[in-house]
Amino acid sequence: VGLWVAITATVALLLSWVVAGSPLLMATEVEVTGVSGADAQEIHRIANAEINQPLVKIDVQKIAEEVQRIGLYSSVSVHRGWPHTILIEAVERRPVLSLKDGQAASKDSQGTVKVIDSDGVIFESVKAPPGLPTAILADPNDAAASRLAVAIMEAISADQRPHVKSVTVATPGRAVVQLNDTEVVWGDASRSAFKATVLGHLAKQGDFSRIDLSAPDTPVTVE
């Protein structure tokens, strides 16, 4: 019995050394998926600080938090890829609207355009797609306003979405959509899916200069 105990203890110590201290299981490379170019290089820079450390001791949560602080990603996951790899997957935020403060484009001192993603998060990006509709918010720091603007964009049908020029949110209860030459008074966030359906039907009936959907059961149109 004593022999088996000694053998078991020796094997346990050996395995512990192999996992925690052996160069056989050191982190020697970083693999990034989901992004490329300068963004991937920045993630590599963060993770490279852990290179040549035992893979088992790598703080994957810390790496994920540091990458997330860049602000460009909706989610970041970091895993150990045995025997030598730190695996990082980042999902880029998807711009839905570009942000305008009043009538001036909201840019930082370096000219970086701010955009709003599908979660209503405002972030800086130089990758705003051409023709992206603009959000004009009375208070650019109002998270509820940015979420309302995004909810309206997502409610509007896919065939009408390319014709949206802007979404203006003056207050949480008053949003206005500029759809080509038609001003669409949306109101608040309630019944957005139904409002979008009504809008689709009205758009087929003629050209209107104004459509009021704040009470979607009785919409008001102006030619």
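These are my notebook entries on one predicted protein model.

Entry 1, whole chain. I counted the secondary structure of the protein chain first and got five helices and 13 strands. The chain has 223 residues, and 37% of them are buried. I then looked up the accessible surface, which comes to about 12,400 Å². Carbon and sulfur atoms hold 55% of that surface. For contacts with a separation of 6 or more, I found that 47% join residues 24 or more positions apart.

Entry 2, helix 2. I went through residues 37-47 and listed D39, A40, I43, I46 and A47 as buried. Looking down the helix axis, I found these buried residues within an arc of 115 degrees, so they line one face of helix 2. I checked the other side of the helix as well, where A38, Q41 and R45 are exposed. Next I asked which elements the buried residues of helix 2 pack against. They are helix 3 (60-68) and three strands: strand 1 (29-33), strand 2 (73-81) and strand 3 (85-92).

Entry 3, helix 4. This helix covers residues 143-155, 13 residues in total. I took its span from the first C-alpha to the last and got 18 Å, close to the 18 Å expected at 1.5 Å a residue. I noted A145, S146, L148, A149, V150, I152 and M153 as its buried residues. At the start of helix 4, I looked at D142 and found one of its side-chain oxygens within 3.0 Å of the backbone nitrogen of A144.

Key:
Residues numbered from 1 in each chain as written. Predicted model: local features only at pLDDT ≥ 70, side-chain atom pairs only at ≥ 80, totals over all residues. Heavy atoms only, no water. Helix = DSSP H or I, 4+ residues; strand = E, 2+ residues; numbered from the N terminus. Buried < 20%, exposed > 50% of the residue type's maximum accessible area, 1.4 Å probe, protein only. Contact = heavy atoms within 4.5 Å. Areas by Shrake-Rupley, 256 points an atom, 1.4 Å probe, with all protein chains shown as cover. Arc of directions from axis to C-beta. Expected span 1.5 Å × (residues − 1). Polar contact = N/O pair within 3.5 Å; in protein donor to acceptor, adjacent residues only side chain to side chain.
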